Amino acid sequence: MVRGLLRTSNLPQLQNLIKRDPVSYKEEFLQQWNHYNSIRQIFQINPDEQTSHFRELVTFISQARGLFIYAKPIHQIIHQVAKFYPAETSEFPSHLSCLLLESYGSLSPDIRHSLIQNLVMLKNKGVITSFDLLKTLFPLLPRTTSSSLRGVIRKTILTDIKTANQRTKNHKLNRAVQAMLFGMLERGMGGTVLGDKGKLRSNPNTSAEGLSNSGDEAMWAVVLTKELWKKGIWDDAKSVAIVALGCFHPVTKVQSASLHFFLGSDEGSEDSQDESDDGQTIDVKSLEHKREVKKKTRSGDKKLRRMLKTASKQRKRKDTGNTPNFPAIELLHDPQTFGEKLYDLLQKYDARFSLDHKILIMQLLGRVTALHQLTILGFYTYVLKYLTHHQLRAPTILAVLAQSAHALTPPDALIPAVRKLAHEFVHPGVGPEVVTAGLNAIREICCRQPWAMEEDLLGDLIAYRKSRDKAVMGAARGLLQLYRDVNPSMLKRRERGKTASMGMAQGAQPAPFGYVEKPAVDIEGLTLLEDHLRAIHGEVGASGNGEEDEEAWEGWEIQSESSNDSSDSGGWIGVESDGEDHLSISDSDGDGGDEKSRTKLPENDGPSIEVNRTSTLATTKILTPADFALINDLRIQAATKVVENGGGTAAKRKLASLEAAKKAAPYGADDAPAAFVSESDILGPRKKAKADYEERMASIARGREGREKFGSLKGKRKKETPSSSTNREKARNKPIMMIMGSKGVRGKKKQSLREKQKRLRAHIERAKKAHH
């Protein structure tokens, strides 16, 4: 009898006994299970009266370090032994979920945390699925006011989805979670767009709908999707569709977070939900100084290394800048409809949005328009009112206008914008910086659509090439050189240059708008990749060792079975085909073009560029992004060799454009530099700005290269550890009037005869010991 009472009241002991012999202790378990059900039902029926008693009992037993019978230990003991009694505890996970979802506001923080922990443990032991756990945790995120509990829930969700997709993609779970996120976004789509301007900004939640209208649910859906995309767990079109839907949410902070996702910056409103201190700038110099002064400990060393690592990441992020999220923009479903909705949002709520938010929408609209070559004619009329030299953030707006133009944009839609730019920015009444920005913006627009320029206006603009300001002169010369290349007929005869004049004499004319002169028959630079792979396969065939080839191409993954099978002999095998007589792969008009294209170099000559040769590599191999990255590198190498061999200014311009393309397109998009414009392209070269602290320190470090030591060598020549002179040595060289009032001198004057005798005897003793 006594032993049974001890067993039922000592829950850890009862748990241990049940694990050893579940059948014998089934009655004791059912007793605790019935007690748990009664307490749960009382709490659900009348939570207001039971809440105070519930919390007081939790606090009392926690302070006494005892066992909490009514809630926490019961959940733990039932969770630990639930696997031994699956039939009796089948409804236990649903009890915990209902208690969290229905009575969340009346539970204490400790009980909330305990219930969530028990659900996670049930999932880890296979009692519930990941979807059941996430279905309970997702609604808790916007309702939780505790930052620590919110962080636990967020980390649990991300870790669970990451673990489920670790080996292979768990498409069933991903579709279910994405459906929940879509639901969280769609529940608030019917609200009124309040904007972020004036009084509306301070009153974001005037409706009684609750969380859906306040945007907290939608905000968490966007934040979690961005985190999963950033970690590489989700990379499909459905994830992009979730964030794309957030761009049209009535709440401005949800719109801002979604827009920042596509623009590639982390400055959106998602940081308001994150309690991390990553946004604070770390002072490296201050940390090192504190480390030198304070006590040396291992924990301090670890903290310093962690802070230095974070500071290094911040510095790299600052140097890299904001890179547009190219894959996400490319995965947009129906980009034309997406762009039209963005323009409608911009035009309809123009008075409710602030300028910064409108610029975010315009930036995304411009990049989507450029990348997918959309036709949204109303946008060019809308942006005209912002094309003034006194407009705030004018360089950003000019960059948006320039990058929204492309080869399929009708010139009639761009001519008013170009004319407005010339009238507002390019005239003697403004400063040279404004003229430079206007000329550069016009050049970027005309680079994408040359027919957007009028002949009379072009003559007036290129006249600024004689300006005294170097930036204005360079911008005007750039515009002149552009039309020498694309349409010299719009220039006067003396302004065309030698090359353009010779081309016009031979009958070269620019293609009109909407006309393609010749179809694309090859990928530019593919012959370089073919020669490169042929050289590699030849070396492998000669040596017979394929391990070095695999190590050289580790991480690229561009080898294919077709290329390996076709290169077993170490060289190219010429195969005649009867069905290729009707194909013309030569760009020349002469009869010998086919002979040149079919010319095969000897195997001993190595890779080289053949004239009018079309590569057939794309017909035997699936090109990967790594292949295109390698093509860009090979094109840069070939252009560098041409420049070194005296190729002229045209070769130098081509090399500069290829290097800019590689820098602007991290994953090898050739159209990226032509589609995306930065503010530096609009502002042009400026006078050297004042260097900041990091730049000055780097300049000092570069100046010290080749020198062994720096500063004074006093007291450092004959020492193992360099150091300056001691305080005693410094005191000898002080002026006499400076030390007359010191404590040591005044103390000597006040010494008694006895003290003087002691000091003298001590001096004599030290002198005797020194001689011996």
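**Exercise 1.** Which residues touch the most other members of the largest nonpolar core?

*Solution.* The model is predicted. Start with the core itself: it holds 119 residues. Within it, Phe262 and Met453 touch the most other members. Next, find the main contributor. Helix H14 (residues 216-230) gives the largest share of this core, nine residues. Finally, look beyond it. Another core, of 10 residues, lies apart from this one. Its members include Leu529, Leu630, Ile631 and Ala638.

**Exercise 2.** List the residues that Met453 touches, not counting those up to four places away in sequence.

*Solution.* Set aside residues up to four places away in sequence. What remains is Val418, Ile442, Cys446, Leu458, Leu461, Tyr483 and Met490.

**Exercise 3.** Is Ala237 exposed, partly exposed or buried?

*Solution.* First, place the residue: Ala237 lies in helix H15 (residues 237-246). Then take its relative accessibility, 38%. Buried means under 20%, and exposed means over 50%. The value for Ala237 is 38%, so Ala237 counts as partly exposed. Now add a partner in space. Glu330 is 93 residues from Ala237 along the chain, yet their C-alpha atoms are separated by 9.1 Å.

**Exercise 4.** Check the span of helix H33 (residues 625-644) against its expected value.

*Solution.* Count the residues: H33 has 20. The expected span is 1.5 Å times one less than that number. This gives 28 Å. The end C-alpha atoms are 29 Å apart, which agrees. Next, look along the helix. Its buried residues include Leu630, Ile631, Asp633, Arg635 and Ala638. Last, step past the end: Gly646 follows H33, with a positive phi near 85°.

Key: Residues are numbered from 1 along each chain as its sequence is written. This is a predicted model: local features need pLDDT of at least 70, side-chain atom pairs count only at pLDDT 80 or more; totals for chains, interfaces and linings use all residues. Side-chain values use heavy atoms; hydrogens and water are left out. A nonpolar core is a set of buried Ala, Val, Leu, Ile, Met, Phe, Trp, Tyr and Cys residues joined through side-chain atoms within 4.5 Å. Buried means under 20% relative accessible area, exposed over 50%, partly exposed in between (1.4 Å probe, protein chains only). Helices (H or I, at least four residues) and strands (E, at least two) are DSSP runs, numbered from the N terminus. Contact means heavy atoms within 4.5 Å.
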